[in-house]
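Student: Could you take me through one part of this structure slowly, and then through what lies around it? I would like one connected account.

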Amino acid sequence: MSGWTESRHRSPVRLIAWTFALSVPFWLAGAVAGRLSQTLPVSALMACCPLLAAVLLIRRHEPRRSPVSSSG
């Protein structure tokens with residue numbers, strides 16, 4: 001069984017912590033720069049942070065696993 005399936009590696013606290021850490025620069029940039037356009041604040045770019053945090057956590061525990069099958 002994969003090491004990632006163990007519950008200690010799948011902690012929601014880790015995902016929340018990584019998401020928060022990745023979001024801080026966007027909050028700071030939004031405070032300094034304000035908006036990218038009249039309707040889009042800089043902090044809106046942090047919508048990708050949960051996905052990026054999940055990918056980083058998976059890659060951290062399974063660095064050799066590829067999303068594309070290598071058979072064939």
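Tutor: The model is predicted. Start with Ala44, which sits in the loop between α1 (12-33) and α2 (49-61). Is Ala44 buried or exposed? Its relative accessible area is 34%, so Ala44 counts as partly exposed, because that class covers values between 20% and 50%. The C-alpha atom of Ala44 is 9.2 Å from that of Trp27, although the two residues are 17 places apart along the chain.

Trp27 is partly exposed too, with a relative accessible area of 41%. Searching the whole structure turns up one aromatic pair. Its members are Phe20 and Trp27, arranged edge-to-face, with 5.4 Å from centre to centre and 65° between the planes.

Now turn to α1. At its N-terminal end, Ser11 acts as a cap: a side-chain oxygen of Ser11 lies 3.2 Å from the backbone nitrogen of Val13. After α1 comes Gly34, which has a positive phi, near 85°. How does the length of α1 compare with what its residue count predicts? It has 22 residues, and at 1.5 Å a residue it should span 32 Å. The expected span uses one less than the number of residues. The C-alpha atoms at the two ends are 31 Å apart, so the expected and actual spans agree. The helix also has a kink of about 30° at Ser23, shortly before the proline Pro25.

Which residues of α1 are buried? They are Thr19, Ser23 and Gly30, so Ser23 is both the site of the kink and one of the buried residues, under the 20% limit that defines the term. The cover over the buried residues of α1 includes α2.

Thr19, in helix α1, gives a closer view. Its relative accessibility is 17%, so Thr19 counts as buried. Apart from neighbours within four places in sequence, Thr19 is in contact with Cys49, Pro50 and Ala53.

One of those contacts, Cys49, is a cysteine, which raises the matter of disulfides. How many disulfides does the structure hold? The number is zero. Cys48 is in no disulfide, and the nearest cysteine sulfur, that of Cys49, is 4.8 Å away. Cys49 is likewise in no disulfide, its nearest cysteine sulfur being that of Cys48 at 4.8 Å. A disulfide needs the two sulfur atoms within 2.5 Å, so this pair does not qualify. In accessibility, Cys48 counts as partly exposed at 40%, whereas Cys49 is buried, with a relative accessible area of 1%.

Note on methods. Residues numbered from 1 in each chain as written. Predicted model: local features only at pLDDT ≥ 70, side-chain atom pairs only at ≥ 80, totals over all residues. Heavy atoms only, no water. Helix = DSSP H or I, 4+ residues; strand = E, 2+ residues; numbered from the N terminus. Buried < 20%, exposed > 50% of the residue type's maximum accessible area, 1.4 Å probe, protein only. Bend = angle between axes of the 7 residues up to and from the residue. Contact = heavy atoms within 4.5 Å. Polar contact = N/O pair within 3.5 Å; in protein donor to acceptor, adjacent residues only side chain to side chain. Phe/Tyr/Trp six-rings, centres within 6.5 Å; stacked < 30°, edge-to-face > 60°.
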